[in-house]
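Biologist: Could you walk me through a model that is new to me? Please put it up first, and then I will ask as we go.

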Amino acid sequence: MATPSPTPASTPRHVDPPASRPGTLSRFRCAAIDLLHGHNRAALVIGPLDLPSRAVAADRIVRLARVGPHSRVGLLPSPHRREWVFDPDAAADSVVDASPPAPGTDPARLFDVLYSLPHRPLRIVLAGDHLALDYDHGLGDLTLLNLIVDVIVGAVDPSTLPRRGPVLPPLLVASAITVADPRRAVSLLRFQRHREPVEPPRTRRPVPPRRPVSANVHIAAPAVDAIRAGRTSSIPGTGLFAIYTVALVAALTEAGVRLDPMVTLPFDARTYLPSATRTYANFSAGLSFPVDEATSAAALQRAMTASARMGRPTANLALATIKTLCRPRDDRDSASPAQHVPADGRVRAELLHSSVGHLPGHERGWQWSDPARAAVIGVATPPSATGITVTTGFVGGAVSMTAAFRDDVFDPARIRAAMDAVAGHAARIVGVP
């Protein structure tokens with residue numbers, strides 16, 4: 001378990017100041033859904049890897065940017081305007097190098113190096129055999145993150161990537177495919193008709209923006225194997241992600257964290273696109289499910305499966321796009337730096353549980369340089385002051401889970417205790433003694 005130190009672990013040795021490059025700037029009209037994610041950030045520490053020099057990594061990132069604005073690298077996103085600046089040569093400024101973590105130290109300390117850098121849409125730190133990066137969610141999601149890592153380690157040559165983006169807007173294609181199936185359309189209408197009304201929020205008080213802290217737990221491969229075996233025998237067909245989500249809710253509740261009854265789980269909407277349609281933009285939808293300490297993992301899995309089959313992720317993105325387009329321009333341009341918590345102090349944590357999947361995964365062209373030390377630590381900034389965002393990664397048979405939260409809203413000791421208890425709750429869910 002680790003929480004980033006408030007002081008930098010090391011100092012970047014190479015930070016290029018932003019520079020004006022006449023002739024390289026152009027404009028790119030983003031999709032309406034891109035505005036939904038602008039200025040929300042996610043960060044990742046991953047290693048150990050066979051990493052190139054800073055110069056080679058910067059060259060590879062620039063070559064990726066020059067594929068075009070659809071690569072998302074080199075874009076300067078805005079949460080207010082649909083005309084984004086595209087400056088591929090500026091992507092080189094995103095890459096810096098830093099002193100590697102000392103032997104035996106927590107690689108999560110590299111987050112301090114990341115956050116000490118000048119603000120950019122994409123920031124990449126090479127620190128020995130560890131890579132740290134953070135990026136604006138307006139640029140993309142897990143698909144973009146994987147592409148960036150693949151390019152840096154040399155597993156993907158940018159010259160082999162498509163030189164243009166999709167001919168038709170991906171959301172339009174996905175929506176058309178979804179509604180073309182009458183069974184999906186009927187299921188979506190039935191779901192919306194019977195959905196429970198959401199309780200209106202209490203009066204809220206503003207709190208200033210603040211960098212989240214994190215709590216990480218590593219569940220070793222033998223424990224994960226035992227949970228997987230128990231799942232197979234007791235609740236076959238239930239995914240580990242559903243089990244760990246229910247375990248998270250149980251652990252947080254046990255630790256005294258008051259939770260909102262709805263938990264948000266991201267779904268990749270690319271599954272509704274034809275295989276030839278490729279997008280690196282953010283194309284995931286956060287769907288809410290009722291989960292409390294009495295919810296079974298099998299019931300959550302059934303709800304998740306039903307949502308995917310009916311095309312709910314696509315419908316969610318389409319509805320969010322319509323709301324964005326209908327929002328007055330003045331409302332889009334208004335800055336609202338302060339976030340809010342209930343005025344009565346009775347905070348209900350808004351839990352979001354996401355996954356970076358299996359790394360490196362079967363389709364990746366790289367491996368860990370030292371599998372025994374493999375680690376993936378993801379920190380996604382919660383979308384609200386009362387949010388707790390947990391990122392789960394499957395690494396070499398083990399599981400890494402990291403909670404990001406505001407320590408002026410939640411007691412860090414409670415969150416850390418809950419993270420330490422997740423494995424035990426998951427074991428009990430599947431009947432492992």
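Biologist: Which side chains of strand S10 are buried, and which are not?
Modeller: Along strand S10 (residues 262–268) the side chains alternate, with Val-263, Leu-265 and Phe-267 pointing to one face and buried, while Met-262, Thr-264, Pro-266 and Asp-268 point to the other face and are not buried. Buried means under 20% relative accessible area, exposed means over 50% and partly exposed lies in between, using a 1.4 Å probe and protein chains only. Strands are DSSP runs of E with at least two residues, helices are runs of H or I with at least four, and both are numbered from the N terminus.

Biologist: Before we go on, what sort of model is this?
Modeller: This is a predicted model, in which local features need pLDDT of at least 70 and side-chain atom pairs count only at pLDDT 80 or more, while totals for chains, interfaces and linings use all residues. Residues are numbered from 1 along each chain as its sequence is written, and side-chain values use heavy atoms, with hydrogens and water left out.

Biologist: How many bridges join S10 to strand S11?
Modeller: Seven bridges join S10 to strand S11 (residues 284–290), and the two run antiparallel; strands pair if DSSP finds at least two bridges between them. Within S11, Ser-288 is the bridge partner of Thr-264.

Biologist: Switching topic, what is the strand order in the five-stranded open sheet?
Modeller: The order is S5-S6-S7-S2-S14, with mixed pairing. Strand S5 (95–97) and strand S14 (375–380) are the edge strands, each pairing on one side only.

Biologist: And how do S2 and S14 pair?
Modeller: Strand S2 (residues 41–47) and S14 pair in the antiparallel sense over six bridges, and Leu-44 stands opposite Gly-378 in S14.

Biologist: Now aromatics: how many pairs are there?
Modeller: There are three aromatic pairs, counting rings of Phe, Tyr and Trp (its six-membered ring) whose centres lie within 6.5 Å, with planes under 30 degrees apart called stacked, over 60 edge-to-face and the rest tilted. The rings of Phe-111 and Tyr-115 have centres 6.3 Å apart and planes at 15°, so that pair is stacked.

Biologist: Where do those two sit, and are they buried or partly exposed?
Modeller: They are four residues apart in helix H3 (residues 110–115), and therefore separated by about one helical turn. Phe-111 counts as buried because its relative accessibility is 0%, whereas Tyr-115, at 25%, counts as partly exposed.
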